[in-house]
Amino acid sequence: MSKRVTVFGTGYLGATHAACMAEIGHEVLGVDIDAAKIAKLEAGEVPFYEPGLDEVLKRNIEAGRLRFTTSYEEAAAWGDIHFLGVGTPQRRGEYAADLRFVNSVVEKLAPLVTKPAVIFGKSTVPVGTAANLGELARELSPAGEGLEVAWNPEFLREGFAVEDTLRPDRLVLGVDRDRPGRAEEVLREIYAPILELGMPFIVTDLATAELVKVAANSFLATKISFINAMAELCEAAGADVTVLADAIGHDKRIGRKFLNAGVGFGGGCLPKDIRAFMARAGELGAEHALTFLREVDNINMRRRTRMVEISRELVGGSLLGSRVAVLGAAFKPDSDDVRDSPALNVAGQLQLQGATVNVFDPKAMENARREFPTLGYSASTEEACQGADLVLVVTEWKQFRELVPADLNKIVRRKRIFDGRNCIDPQVWRAAGWTYRGLGRP
Ligand SMILES: NC(=O)c1ccc[n+]([C@@H]2O[C@H](COP(=O)([O-])OP(=O)(O)OC[C@H]3O[C@@H](n4cnc5c(N)ncnc54)[C@H](O)[C@@H]3O)[C@@H](O)[C@H]2O)c1
């Protein structure tokens, strides 16, 4: 049955969630404090790049099921089911998460809620946040105990966000065990069309639900850093980490996914989530349990430095005066997200060491320019590679994976390619007279 739903925060998570809730038949109001973003969404335009989201957005706006606003008053009056999907970035100069945005939603919304309602948190938060927000909500709302806070962490992957929202691997809901309310019943109704597909629905307490999300991200980060540590070993021993990954990946207990050695992870989630997890563990007196995450973070950051060092070696010992083409700016393909992107981090370091850097990314140019305005930018792969002494592949977009030497032979000054994602075939490039370098392979 169709329900009235609001979604607070219309970024990568929230805009996708809002559009997908409309797609499964609900009447949805998306809310953000960023008026420019809301204007774009109202006009049917996705303010970022996410494959397939624009069609879902347009279709549901046209069907009259999806609207957007900056007004909390309108949102509070519209419905009694509220999703919260605002950002929880890393605090400046600290590891901990900045909770001001999630707090602000509850501080502004709760006083406007006069009838029983449920807030379903979707943002990734430190364990204990949901309980605190519940207390705050009950304190500030005229509905008092009638305003419930439950946690429904989000596991979507950028690049597959629509698919992951409509067909998730599992759904997790944390409820306040001290105040049995309507949250589970309400969420089962909301997600009925999704649950029909038969995925696991795990209902637990608030703390476990919050921890599930950060535990999952910590595991993924650890898996990536594990294979990158193996890449360091392979580099030292003259072995090939890609073959090693294939071989150990055949073991079902290990699995091949997330074992691609390269320049490491970035983005708006993994780096800040593992850091916030460490900070929270410290507050709880359990920091020893997560000291390994510090090493996971270190291994990851070392890959970026290593990429700069190898680049320097490849151009003959000094980057000064060299021209480097950087293919990729987004933290991963099929996204325009450049938050903590290894690609831009490497590009920035190369430039600081005297290289002329030309960055090209199929979708992330605008975001990259905003974050790193002093880097050089090009309108195409060919333009970026013009006269280059070295070509770096740092984001494994399909169009970079499919590059062949003939595309660049006549454009570059020196035939040198450094594959920071181990995503192109060394043999093909070497056969065409190129110097090929990967990470963790001879
Ligand atoms: N991006 C992902 O792939 C992903 C996946 C799973 C979980 N998450 C989590 O979801 C949360 C949001 O991430 P994101 O990537 O969508 O961030 P984002 O920065 O793209 O979006 C956050 C949005 O919240 C808005 N906002 C801030 N304060 C607000 C307020 N008081 N009221 C209404 N809107 C407000 C911002 O204007 C922005 O549009 C984070 O906790 C993140 O860790 C993200």
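**Exercise 1.** Work out which helix gives the largest share of the lining of the second largest cavity, and where this cavity lies relative to domain 1 and domain 2.

*Solution.* Start with the helix: α10 (residues 206–237) supplies 3 residues, the largest share of that lining. (Helices are DSSP runs of H or I, at least four residues, numbered from the N terminus.) This is a predicted model, where local features need pLDDT of at least 70, side-chain atom pairs count only at pLDDT 80 or more, and totals for chains, interfaces and linings use all residues. Residues are numbered from 1 along each chain as its sequence is written, and side-chain values use heavy atoms, with hydrogens and water left out.

Next, list the lining: S123, T124, V125, W151, P153, E210, K213 and V214. A cavity here is a set of points on a 1 Å grid over the protein atoms alone where a 1.4 Å probe fits but cannot get out, and lining residues have an atom within 4 Å of a point.

Last step: domain 1 (4–199) and domain 2 (205–442) both contribute to this lining, so the cavity lies between them. The domain bounds come from an automatic or database assignment.

**Exercise 2.** Find the volume of the largest cavity and the helix with the largest share of its lining.

*Solution.* First, the space: about 70 Å³, a volume being what probe spheres set on the points fill, with grid points joined across faces, edges and corners.

Then the helix: α12 (residues 270–283) brings 5 residues, the largest share. The full lining includes K272, D273, A276, F277 and R280.

Finally, both domain 1 (4–199) and domain 2 (205–442) line the largest cavity, so it too sits between them.

How values were computed
On a 1 Å grid over the protein atoms alone, a cavity is a set of points where a 1.4 Å probe fits but cannot get out, and a pocket is an open set with protein on both sides within 12 Å along at least five of seven lines; lining residues have an atom within 4 Å of a point. Helices (H or I, at least four residues) and strands (E, at least two) are DSSP runs, numbered from the N terminus.
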